[in-house]
Amino acid sequence: MARNVGRIFSGFRCSGSLPFGKTQLKTRCPRLLLRTTPERTVVQALSSIFSHKSRDFSLPNSSWGEEMMRLYNHYSSQSGEAAEGQEDQGEQWTRLPSYNRSLKYATGGVYLSKIIQSKARLFTRNIRDTGAAFEYVLFFRRDKQRCVCIFQAGHLLEGPPGHVHGGAIATMIDTVTGTHASLLSAPVMTANLNINYRSPIPLGSTVLVESTMDKEEGKKTFLSCRVTSTDGSKLHTEAAALFVSINVSHLLRG
Ligand SMILES: CCCCCCCC(=O)SCCNC(=O)CCNC(=O)[C@H](O)C(C)(C)COP(=O)(O)OP(=O)(O)OC[C@H]1O[C@@H](n2cnc3c(N)ncnc32)[C@H](O)[C@@H]1OP(=O)(O)O
């Protein structure tokens, strides 16, 4: 039992789809190439762990429309790798890679059936048909404590006719704020998500989902989030989120 729990912890801490922290990666995954910032550590850890088997869903594909590509190029042109050993000042955007599954033991390990364990996939990355559902890429900027997500909503996300389902919008807000909180505070879970829907999002359109850290209080990280048109002129949705830091053992209580 103790050995199994240890393996689960190790896998969880090295996984890509749930939050984790720099210190934990350093101690548990010494083979990873660690750099000077949490987001870079996350990027490298994810790439290192998944690069041989998994597709990075945050890279462009043929379904990405003109606006999605324009914005991707815009933020990519402002991101860059610091030279080896050079201190990253955090003044650039960092693209966050995105994979559709955790490591074997990151899904709940021995407490899940083998079938569920092998079939588990990240909710937002489980549609084979590219462009049909959630197409998105996140960029993080440490000096401004901001996360920006470019989101193109596919036809399978319909709620009201011709427009995006409110649950799909909530999912993206949870994903962006959750990723942001995890970069700041190691393993976290959503405790509260308060959403105001201001104007509908047309299916197929590209929008920006932007998250800002408001404050940290002990185990709690408060963030706010806005979903807008890409030129910022139209507010679609705004939200306030609370994430609470957890011990990984929290997920093993059943
Ligand atoms: C890669 C993509 C990333 C996507 C990220 C997606 C993240 C998710 O969706 S997570 C899934 C949805 N969330 C869940 O299932 C969480 C279920 N809830 C829980 O597990 C627990 O209630 C949890 C972890 C939130 C808090 O439990 P616990 O660690 O025991 O916290 P606890 O000690 O009770 O409270 C800590 C503080 O948070 C506050 N708090 C806890 N829950 C809430 C809440 N819902 N509202 C307001 N405050 C809260 C407490 O009042 C306390 O505050 P203070 O320190 O000032 O007294």
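**Exercise 1.** In this predicted model, find the bridge partner of leucine 96 in β2, then place the pair in its sheet.

*Solution.* Start with the residue itself: leucine 96 has leucine 138 as its bridge partner in β2. Next, look at the two strands. β1 and β2, the latter covering residues 134–141, are joined in the antiparallel sense by three bridges. Now step out to the whole sheet, which is open, has seven strands and runs in the order β1-β2-β3-β5-β6-β7-β4 with antiparallel pairing. Its edges are β1 (94–96) and β4 (188–197), each of which pairs on one side only. Finally, take the twist: on average, neighbouring strands are turned by 25 degrees against each other, ignoring direction.

**Exercise 2.** Determine which strands helix α6 lies across, and its angle to β4.

*Solution.* First locate the helix at residues 166–185. Then list the strands it lies across: β1, β2, β3 (146–153), β4, β5 (206–217), β6 (220–229) and β7 (235–245). Lastly, compare directions with β4, and you get about 135 degrees.

**Exercise 3.** Describe the span that UniProt annotates as a domain.

*Solution.* Begin with the record: an unreviewed UniProt entry places "domain: Thioesterase" at residues 162–233. Then turn to the model, where that span is 28% helix and 44% strand. To finish, check its ends, whose C-alpha atoms lie 21 Å apart.

**Exercise 4.** Characterise the second largest pocket by volume and lining.

*Solution.* Take the volume first, about 160 Å³. Next, collect the lining residues: Arg55, Phe57, Asn100, Lys119, Arg121, Arg125, Asn126, Ile127 and Arg128. Sorting this lining by class then gives five charged, two polar and two nonpolar residues.

Technical notes. Residues are numbered from 1 along each chain as its sequence is written. This is a predicted model: local features need pLDDT of at least 70, side-chain atom pairs count only at pLDDT 80 or more; totals for chains, interfaces and linings use all residues. Side-chain values use heavy atoms; hydrogens and water are left out. Two strands pair if DSSP finds at least two bridges between them. Helices (H or I, at least four residues) and strands (E, at least two) are DSSP runs, numbered from the N terminus. Axes are lines fitted to C-alpha atoms, for helices over the stretch in contact, and angles run from 0 to 180 degrees between N-to-C directions. Contact means heavy atoms within 4.5 Å. UniProt positions are given in the numbering used here, feature names are shortened, and annotations may be inferred rather than shown by experiment. On a 1 Å grid over the protein atoms alone, a cavity is a set of points where a 1.4 Å probe fits but cannot get out, and a pocket is an open set with protein on both sides within 12 Å along at least five of seven lines; lining residues have an atom within 4 Å of a point. Grid points are joined across faces, edges and corners, and a volume is the space filled by probe spheres set on the points. Ala, Val, Leu, Ile, Met, Phe, Trp, Tyr, Cys and Pro count as nonpolar, Asp, Glu, Lys and Arg as charged, and the others, Gly among them, as polar.
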